[in-house]
Amino acid sequence: MNGAHDMGGVHGFGPVVPEVDEPIFHGEWEMRVLAMVLACGAGGRWNIDMSRFARENRPPAEYLSLSYYEVWLAGLERLIAERGKPDRVLRAEEVPAVLARGGPADREPIREAAFAVGDRVVTKNINPVGHTRLPRYARGKVGVIERVHGFHVFPDVNATGAGEDPQWLYAVAFTGEELWGPDGDPRSTVCIDAFEPYLDAVR
Amino acid sequence: MTHSDLSDVQVRVRALESALVAGGHVDPAALDALVETYETQVGPHLGARVVARAWLDEAYRERLLGGATAAIAELGIRGRQGEHMVALENTPTVHNLVVCTLCSCYPWSVLGLPPVWYKSAPYRSRAVSDPRGVLADFGVTLGSEVSVRVWDSTAEVRYLVVPMRPAGTDGWDEARLASLVTRDAMIGVGVPSGAQTPSRPGSRL
């Protein structure tokens, strides 16, 4: 979706202001939100792509008015309202193993990759109302395949509950000028991780 | 806050946790264990070990750059938000910078939880369009000979920057080297502490 979360290239937010000696959490409630998001996420009623969509899918003014853990809380409240409370309970003794295992997104490839390192590609100009991981600033742009990461769960489909639909995933490099025109830094490049359905070949 | 000692958000968090615990949907001890993990166990000291090892051991450096997930796991470091790692090496002519413009993707397994600025609108908006300006916000100035490579973490791959080893550290052991490696240097917005002097001729980082 074209939401406020898709921030690349937006002007007006001002300078980055790092906090000196920043604590890991700003208040106990942030700890509880993080822990509930992780514990409920292990509960099996939703996946990480549904979580991301639940966070980003809100009016821009609301998204921008919330702190990051407030966004996480709002997302968790919505996931529970829409999909229910977890019925598989993460036990304390399982935590180390569950965190160590994580949630690998790679799957056994079932077809050949369409692109190889060095290939020129153009990103599609898509504007789905659902979840996507192709940022607006990188749509309709010509880039070069930098890395082939593997065959990964496709968030655009996984977020809908229609299955993992794994796809080849690439790092695609764009020049500053391609992304930003004459305002771009000619000595910088930006790489995004792009799924094969986002890409067309440039002949 | 007005009459209550608790803010609205604190009230919502307590209500949600109470409901989840009362219904048997979460184990409160598991919540405590999750918090404790990220408060006390997982943090940038882990990434610093990886970088220091790469500085000391050429064969390890090559394994790290060729397959970071496995190389990092050699040190017993693995886990959530580090399932698919890529290491990016800074050189005298290439500086790497990591961002997630769409949310807050960050290599938890080696750096812990992200700082607020990493998740903030100023960083997410400008890192891709004005990376040198963002670096200036952190007091980092790159020479004109250095190209900036920005990595926008738009999938489940997580990036770790391997900064250049500072000059004057010959003969240092791994723990001492690791003490120089800051979190910000491994995101690409900083340099190793004590690295003000050029590490190699012609570079400012």
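These exercises walk through a predicted model of two chains, A and B.

Residues are numbered from 1 along each chain as its sequence is written, chains are lettered from A, and ligands are numbered from 1 in the order in which they are written. Because the model is predicted, local features need pLDDT of at least 70, side-chain atom pairs count only at pLDDT 80 or more, and totals for chains, interfaces and linings use all residues.

**Exercise 1. Confidence**

Find out what the predictor says about the complex and about chain B.

Step 1. Start with the whole complex: the predictor gives an ipTM of 0.98 and a pTM of 0.95.

Step 2. Now turn to pLDDT, the predictor's confidence in each residue, from 0 to 100. Chain B has a mean pLDDT of 93, and 92% of its residues reach 70 or more.

Step 3. Look for a weak stretch. Over residues 196-205 of chain B, pLDDT stays under 50. The model has 23 contacts beyond four places in sequence for this stretch, where a contact means two C-beta atoms, placed from the backbone, within 7 Å. Where pLDDT is low, the predicted coordinates should not be read in detail.

**Exercise 2. The layout of chain A**

Describe the secondary structure and the domains of chain A.

Step 1. Count the elements: chain A comes to seven helices and five strands. Both are DSSP runs numbered from the N terminus, helices being H or I with at least four residues and strands E with at least two.

Step 2. Read along the sequence, and the pattern is α-α-α-α-α-β-β-α-β-α-β-β.

Step 3. Split the chain. Domain 1 of chain A covers 28-101 and domain 2 covers 120-201, with bounds from an automatic or database domain assignment. Their C-alpha centres are separated by 26 Å. Five residues of domain 1 and four residues of domain 2 take part in the contact between them.

Step 4. Picture the outline: the C-alpha atoms of chain A fill a box of roughly 55 × 45 × 30 Å along the principal axes.

**Exercise 3. Where the chains meet**

Work out which parts of chain B touch chain A.

Step 1. Count residues: 61 residues of chain B are in contact with 61 residues of chain A.

Step 2. Find the main contributor. Helix α2 of chain B (28-41) gives the largest share of the chain B side, nine residues.

Step 3. Sort that side by class: 30 residues are nonpolar, 17 polar and 14 charged. Here Ala, Val, Leu, Ile, Met, Phe, Trp, Tyr, Cys and Pro count as nonpolar, Asp, Glu, Lys and Arg as charged, and the others, Gly among them, as polar.

**Exercise 4. A strand with partners in both chains**

Identify the strands that pair with β3(B).

Step 1. Recall that two strands pair if DSSP finds at least two bridges between them.

Step 2. Take chain A. Its strand β4 (residues 188-195) runs parallel to β3(B), joined by five bridges. A:S188 stands opposite B:V148, and A:T189 has B:R149 as its bridge partner.

Step 3. Take chain B. Strand β2 (residues 94-99) pairs with β3(B) in the parallel sense over six bridges, with B:V94 matched to B:S147.

Step 4. Check the surroundings: five of the six residues of β3(B) are buried. Buried means 20 or more other C-beta atoms within 10 Å of a residue's own, exposed means 12 or fewer, and partly exposed lies in between, with C-beta atoms placed from the backbone.

**Exercise 5. The nonpolar core**

Name the residues with the most contacts inside the largest nonpolar core.

Step 1. A nonpolar core is a set of buried Ala, Val, Leu, Ile, Met, Phe, Trp, Tyr and Cys residues joined through C-beta atoms within 7 Å.

Step 2. The largest one has 112 residues, and A:M36, A:A39, A:V172 and B:L160 have the most contacts inside it. Helix α1 (residues 28-41) of chain A gives the most to this core, nine residues.

Step 3. Zoom in on A:A39. Not counting residues up to four places away in sequence, A:A39 touches A:L90, B:V26, B:A30, B:L31 and B:L34.

**Exercise 6. Two positive phi angles**

Compare the settings of A:D165 and B:Q81.

Step 1. Most residues other than glycine have a negative phi, and most peptide bonds are trans.

Step 2. A:D165 has a positive phi near 40 degrees and sits in the loop between α6 (155-158) and β3 (167-175) of chain A. A:D165 counts as partly exposed because it has 15 C-beta neighbours inside 10 Å.

Step 3. B:Q81 has a positive phi of about 60 degrees and lies in the loop between α5 (68-73) and β1 (84-89) of chain B. With 25 other C-beta atoms within 10 Å, B:Q81 is buried.
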